[in-house]
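Here is a short tour of a pocket and of a strand that sits between two neighbours. Have the sequence and the model side by side as you read.

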Amino acid sequence: MSAQAQIAYITPEEYLSLERQAEYKSEYFDGEIFAMTGASEAHNQIVANLMIEIGTQFKKRPCKVYANDMRVKVSPTGLYTYPDIVAVCEQRHFDDEQKDTLLNPTVIIEVLSSSTADYDRGTKFEQYRTLDSLKEYILIAQDKYHIEHYVRQANHQWLLSETNDLQDTIELPSIQCSLAVSEVYDKVEV
């Protein structure tokens, strides 16, 4: 007779207490904690390029851009996650006085890997869509030139445009920025 392992339910408060002291980042959903893995060189370069491009366009504007370490709480579903890039141009709202868990991202960007692509396109995006503040969601491949850009429309619809052309520019109307695809992939070997 085999014994079944019981997974203890972790409350969001317990997760945050553990996470704020942890050496490595973890996501949280439905009482469970999920360790995050490290990123590749290409992934890190794309994130750095995005920080430069968006950060430069945010100069002298009240907007902020965060990379990797800004936790986002998807309040309607209870997911706590660390998007690769988060941008917000409105008043920022946080989960508590620690100001390390953002509640109202305007734009979320995820850099895809073979292990996260299905999750980022599927379940994670489904949860992100419950955020009223989210206006745009961008998925960037790291192993080829390919960007998917979703823009919220009326009646809970999302419009997808995609490109694999380094000469294209992606307009982000919700934060009044543009991303040249060639700059997103600068110094990235695909």
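Sorted by class, the residues lining the largest pocket are 10 nonpolar, nine polar and seven charged. Do keep in mind that this is a predicted model. The pocket itself has a volume of about 610 Å³. Its lining counts 26 residues, and those closest to the centre are Met36, Thr37, Gly38, Asp84 and Thr116. Strand E2 (32-35), strand E8 (107-112) and helix H3 (117-121) are the elements that each give two or more residues to this lining. E8 provides the largest share, three residues.

From E8 we can step over to strand E9, because E8 and E9 run parallel and are joined by six bridges. Here are the pairings of E9 in one place:

| Strand paired with E9 | Direction | Bridges | One residue pair |
|---|---|---|---|
| E8 | parallel | six bridges | Ile108 with Tyr137 |
| E10 (residues 147-152) | antiparallel | five bridges | His149 with Ile138 |

The link from E9 to E10 is a hairpin of five residues.

How many residues of strand E9 (residues 136-141) are buried? Six of its six residues are, so the strand counts as mostly covered, buried meaning under 20% relative accessible area. In a regular strand, side chains alternate between the two faces of the sheet. On one side of E9 you will find Glu136, Ile138 and Ile140, and on the other Tyr137, Leu139 and Ala141; both faces are covered. Tyr137 and Ile138 are thus worth finding in the viewer: Tyr137 is the bridge partner of Ile108, while Ile138 stands opposite His149.

Conventions: Residues numbered from 1 in each chain as written. Predicted model: local features only at pLDDT ≥ 70, side-chain atom pairs only at ≥ 80, totals over all residues. Heavy atoms only, no water. 1 Å grid on protein atoms, 1.4 Å probe; cavity = no way out; pocket = protein on both sides within 12 Å on 5 of 7 lines; lining within 4 Å. Points joined across faces, edges and corners; volume = space filled by probe spheres on them. Helix = DSSP H or I, 4+ residues; strand = E, 2+ residues; numbered from the N terminus. Nonpolar A, V, L, I, M, F, W, Y, C, P; charged D, E, K, R; others polar. Buried < 20%, exposed > 50% of the residue type's maximum accessible area, 1.4 Å probe, protein only. Pairing = 2+ DSSP bridges.
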